[in-house]
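Trainee: I would like a close look at the sheet in this model and what packs around it. Please take me through that part step by step.

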Amino acid sequence: METFDTLEVDHIIEKYGSDRSFLISMLHDVQAKYRFLPEDVLRYISHKLDIPLINIYRIATFYKSFSLTPKGKHQIRVCLGTACHVRGGQRILDSLERNLGVKTGETTEDEKFTLERVNCVGCCALGPVVVVDKEYHGNMEVSKVEKVIEKYS
Ligand code: FES
């Protein structure tokens, strides 16, 4: 008995005509659907497309956009590039860890948030910067952390 809806995964596979050369696109769709790449889904795709599981894992671990562990509904990325770091980025990250009760790289138990650190998101003048999903929060301060979390709760 599968722990996922095989019809949904079949739908993704069929969308690409069951063509193995679209494996990366299929994995992107799986990631979008589940917010990570569940092992049993990868096994299913491996079986359906007759691609060795090891090859699928090679792709899944090569691209940063794929995750093998569940991600939260919202991704909070704290910039610790040089400009943000010197302006207190680490304090923002520490505060987010405390407020969310997770370490960097982890997901909250309710699967609402995943906290990550990144190196420069391209708007150094606004540092320190926190990016939630696709929304940029510039000139971040520790005192604004709770408000930002509230906004997405
Ligand atoms: S260092 Fe943070 S945006 Fe460039």
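Mentor: Buried residues make up 22% of the 153 residues in the protein chain of this predicted model. The C-alpha trace spans about 50 × 30 × 25 Å along its principal axes. Of the contacts with a separation of 6 or more, 59% are between residues 24 or more positions apart.

Before the sheet itself, here is where it sits in the chain. There are 7 helices and 4 strands, and from the N terminus on they run α-α-α-α-β-α-α-β-β-β-α. The domain assignment gives domain 1 as 6–62 and domain 2 as 74–152. The centres of these two domains, taken over C-alpha atoms, are 31 Å apart.

Now the sheet. It is open, has 4 strands in the order 2-1-3-4, and its pairing is mixed. Strand 2 (113–118) and strand 4 (135–137) each have a single partner strand because they stand at the edges, so one side of each has no neighbour in the sheet. On average, neighbouring strands are turned by 20° against each other, direction ignored.

Take one pair of strands in detail. Strand 1, residues 74–79, pairs with strand 2 in the parallel sense, over 6 bridges. Within this pair, Val 78 stands opposite Arg 117 of strand 2. Helix 6, residues 89–100, packs on the sheet and touches strand 1, strand 2 and strand 3 (130–132). The direction of helix 6 makes about 150° with that of strand 1.

The next step is to look at the side chains in this part. In soluble globular proteins, nonpolar side chains tend to be buried together. Here the largest nonpolar core has 15 residues, and those with the most contacts inside it are Ile 76, Val 78, Ile 92, Leu 96 and Val 130. Val 78, then, belongs to this core as well as facing Arg 117 in the strand pair. Strand 1, helix 6 and strand 2 are the elements that give two or more residues to the core. Helix 6 gives the most, with 4 residues.

Leu 96 can serve as an example. Leaving out residues up to four places away in sequence, Leu 96 touches Ile 76, Val 78, Leu 115 and Val 145.

Finally, this core should not be confused with another one. A second, separate core has 11 residues, among them Leu 37, Leu 42, Ile 45 and Ile 56.

How values were computed. Residues are numbered from 1 along each chain as its sequence is written. This is a predicted model: local features need pLDDT of at least 70, side-chain atom pairs count only at pLDDT 80 or more; totals for chains, interfaces and linings use all residues. Domain bounds come from an automatic or database domain assignment. Two strands pair if DSSP finds at least two bridges between them. Axes are lines fitted to C-alpha atoms, for helices over the stretch in contact, and angles run from 0 to 180 degrees between N-to-C directions. Two residues are in contact if their C-beta atoms, placed from the backbone, lie within 7 Å. A nonpolar core is a set of buried Ala, Val, Leu, Ile, Met, Phe, Trp, Tyr and Cys residues joined through C-beta atoms within 7 Å. A residue is buried if 20 or more other C-beta atoms lie within 10 Å of its own, exposed if 12 or fewer, and partly exposed in between; C-beta atoms are placed from the backbone.
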